[in-house]
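Biologist: Hey, can you walk me through this one? I'd like to start with pockets, and I'm not sure what counts as one.

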Amino acid sequence: MSIISDALSSLTSTIGYALVTQDFSYQSGKLLCQIVLNVVCTFNGVSMNNLCLIALDRYFAIVKPFSSFHRRHRRRFFIIGQVASWSFSIIYNLPLVTYIGGTHEDTTLCDVPEIDRYIAIPILLVLFCFLQYIVPCTWIVYVYWRIIQHQKHYKRPGAISTSHQEQELKKKNLLEY
């Protein structure tokens with residue numbers, strides 16, 4: 001699904017850039033900006049959320065490979081995660097659509113023209129960045145950090161640990177006397 005959202009985001013950006021070369025009225029340019037920015041940001045959000053799902057799946061595969069919960073509910077978890085990913089990404093972006101506009105000088109130059117008139121706009125932008133980028137990135141770093149810690153302290157079954165080797169050497173030294 002991440003490949004699909006990335007491809008759609010790239011396609012939308014390309015179409016949007018191609019449309020920018022056309023001559024638009026102010027209202028048409030504003031509508032173009034609203035559609036293109038909303039679609040691109042939604043697909044980027046889906047990609048971020050999919051990376052979180054992938055990190056969680058890798059966590060279960062590496063740290064808890066024999067977890068019966070993961071084996072039984074993996075498909076259901078993936079489907080629910082995809083639906084939640086798309087839903088959250090759409091919900092994050094919808095409030096911003098009404099504030100996106102263009103400029104009268106260049107009708108295809110996207111802007112947030114009334115950012116200084118409404119206190120809700122900067123709050124929404126900060127909330128958008130926090131929910132769509134900071135939270136997922138933090139989650140991904142946390143999950144992969146847990147995987148790294150697990151791998152760092154992992155002892156292969158049947159392998160002799162260093163403390164066990166030291167004990168064996170002490171026993172041998174005592175027996176030699």
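Modeller: Sure. A pocket here is an open set of grid points where a 1.4 Å probe fits, with protein on both sides within 12 Å along at least five of seven lines. Keep in mind that this is a predicted model.

Biologist: OK, so what volume does the largest pocket have?

Modeller: The largest pocket comes out at about 270 Å³.

Biologist: Which residues are closest to its centre?

Modeller: Those are Asn49, Cys52, Leu53, Ala84 and Phe88, out of 14 residues that line the largest pocket.

Biologist: And which helices supply the lining?

Modeller: H2, H3 and H4 each give at least two residues to the lining of the largest pocket. H3 has the largest share, with six residues.

Biologist: How does that lining divide into nonpolar, polar and charged?

Modeller: You get 11 nonpolar residues, three polar and no charged.

Biologist: Let me zoom out for a sec. How many helices and strands are there in the protein?

Modeller: Five helices and two strands. Going along the sequence, the pattern reads α-α-α-β-β-α-α.

Biologist: How much of the protein is buried?

Modeller: Of the 177 residues, 30% are buried. As for contacts with a separation of 6 or more, 77% of them are between residues 24 or more positions apart.

Biologist: Now the inside. Which residues make up the largest nonpolar core?

Modeller: There are nine: Cys52, Ala55, Leu56, Tyr59, Phe60, Val63, Ile140, Val143 and Ile147. The elements giving two or more residues to this core are helix H2 (26-62) and helix H4 (120-152). H2 has the largest share, five residues.

Biologist: Why would nonpolar side chains end up together like that?

Modeller: In general, nonpolar side chains in soluble globular proteins tend to be buried together.

Biologist: Pick one core residue for me. Leu56, say: buried or exposed?

Modeller: Leu56 counts as buried because its relative accessibility is 17%, and the cut-off for buried is under 20%. Leu56 is found in helix H2.

Biologist: What is Leu56 in contact with?

Modeller: Leaving aside neighbours within four places in sequence, Leu56 is in contact with Phe77, Trp139 and Val143. Also, the C-alpha atoms of Leu56 and Tyr144 are separated by 8.7 Å, though these residues are 88 apart along the chain.

Biologist: Switching topic: how many aromatic pairs does a search of the whole structure find?

Modeller: Six. One of them is Tyr59 with Phe60, which is edge-to-face, at 5.7 Å centre to centre and 75° between the planes. Both Tyr59 and Phe60 are buried.

Biologist: Does anything else sit around Phe60? What does it touch further along the sequence?

Modeller: Not counting residues up to four places away in sequence, Phe60 touches Pro65, Ser67 and His70.

Biologist: You mentioned Phe88 at the pocket. Which aromatic pair is Phe88 in?

Modeller: Phe88 pairs with Tyr92, and that pair is stacked: 6.2 Å centre to centre, with 10° between the planes. Phe88 and Tyr92 are about one helical turn apart, because they are four residues apart in helix H3 (residues 68-97).

Biologist: And are Phe88 and Tyr92 buried or exposed?

Modeller: Phe88 is partly exposed, at 44% relative accessibility. Tyr92 is buried, since its relative accessible area is 19% and buried means under 20%.

Definitions and conventions. Residues are numbered from 1 along each chain as its sequence is written. This is a predicted model: local features need pLDDT of at least 70, side-chain atom pairs count only at pLDDT 80 or more; totals for chains, interfaces and linings use all residues. Side-chain values use heavy atoms; hydrogens and water are left out. A nonpolar core is a set of buried Ala, Val, Leu, Ile, Met, Phe, Trp, Tyr and Cys residues joined through side-chain atoms within 4.5 Å. Buried means under 20% relative accessible area, exposed over 50%, partly exposed in between (1.4 Å probe, protein chains only). Contact means heavy atoms within 4.5 Å. Rings of Phe, Tyr and Trp (its six-membered ring) pair if their centres lie within 6.5 Å; planes under 30 degrees apart count as stacked, over 60 as edge-to-face and the rest as tilted. On a 1 Å grid over the protein atoms alone, a cavity is a set of points where a 1.4 Å probe fits but cannot get out, and a pocket is an open set with protein on both sides within 12 Å along at least five of seven lines; lining residues have an atom within 4 Å of a point. Grid points are joined across faces, edges and corners, and a volume is the space filled by probe spheres set on the points. Ala, Val, Leu, Ile, Met, Phe, Trp, Tyr, Cys and Pro count as nonpolar, Asp, Glu, Lys and Arg as charged, and the others, Gly among them, as polar.
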